[in-house]
Amino acid sequence: MNFAEAETLAARAVAVRDLPEDVPSPCTSVCRMDRLSGFCEGCLRTIPEIAGWSKMEDDARRGVWRAIELRARAGIWRVPEIPEISGDTDA
């Protein structure tokens, strides 16, 4: 995920707030979990949020969307890159 994708996801989350019913899934068909953050790289949901989506009422779904918005805006989907270690390997 990059900044533009995160902003688009956050904007979708804001649009969902006022839907009276039939809250859409945040799935973007990029179903890949980031092992460090624990979020899906496509929709920023956790495994329990993904697994429970089909059983959730609309209010609970809006809550997940709100969490997605906060995650996207906070940038917590960004996992710091670990610098490569270079140098003498004979130590």
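In this predicted model, helix H1, which covers residues 3-16, and helix H3, which covers residues 58-74, have axes that come within 8 Å and cross at roughly 150°. Since angles over 145 degrees count as roughly antiparallel, H1 and H3 are therefore roughly antiparallel to each other. As for handedness, the crossing of H1 past H3 is left-handed.

Now for the residues that make this contact. On the H1 side they are Ala-6, Glu-7, Leu-9, Ala-10, Ala-11, Arg-12, Ala-13, Val-14 and Val-16. On the H3 side, their partners are Arg-62, Trp-65, Ile-68, Glu-69, Ala-72 and Arg-73. Sorted by character, the residues where H1 and H3 touch come out as 10 nonpolar and 5 charged, with no polar ones.

Some of these names turn up again in the largest nonpolar core, which has 13 residues. The members that touch the most others are Leu-9, Val-23, Leu-44, Trp-53, Trp-65, Ile-68 and Ala-72. Both H1 and H3 chip in, with at least two residues each, but H1 gives the largest share of the core, at 5 residues. As a broader backdrop, nonpolar side chains in soluble globular proteins tend to be buried together.

Leu-44 deserves another look. This core member is found in the loop between H1 and H2, and its phi is near 65°, a positive value in a residue other than glycine. Is Leu-44 buried or exposed? With a relative accessible area of 2%, Leu-44 is buried, because anything under 20% counts as such.

The loop between H1 and helix H2 (47-52) also holds Asp-22. Here too phi is positive in a residue other than glycine, with a value near 55°. Burial is another story: Asp-22 has a relative accessible area of 62% and is exposed, the cut-off for that being over 50%. So one loop between H1 and H2 holds both an exposed Asp-22 and a buried Leu-44.

Back in helix H1, there is Phe-3 to consider. Phe-3 is exposed, its relative accessible area being 57%. How far apart are Phe-3 and Ala-72 in sequence and in space? Along the sequence 69 residues separate them, while from C-alpha to C-alpha the distance is 8.4 Å. Ala-72 itself belongs to the H3 side of the contact with H1 and is one of the core residues that touch the most other members.

Notes
Residues numbered from 1 in each chain as written. Predicted model: local features only at pLDDT ≥ 70, side-chain atom pairs only at ≥ 80, totals over all residues. Heavy atoms only, no water. Axes fitted to C-alpha atoms, helices over the stretch in contact; angles between N-to-C directions. Helix = DSSP H or I, 4+ residues; strand = E, 2+ residues; numbered from the N terminus. Parallel < 35°, antiparallel > 145°, perpendicular 65-115°, else oblique. Left-handed = near helix turned anticlockwise from the far one by under 90°. Contact = heavy atoms within 4.5 Å. Nonpolar A, V, L, I, M, F, W, Y, C, P; charged D, E, K, R; others polar. Buried < 20%, exposed > 50% of the residue type's maximum accessible area, 1.4 Å probe, protein only. Core = buried A, V, L, I, M, F, W, Y, C linked by side-chain atoms within 4.5 Å.
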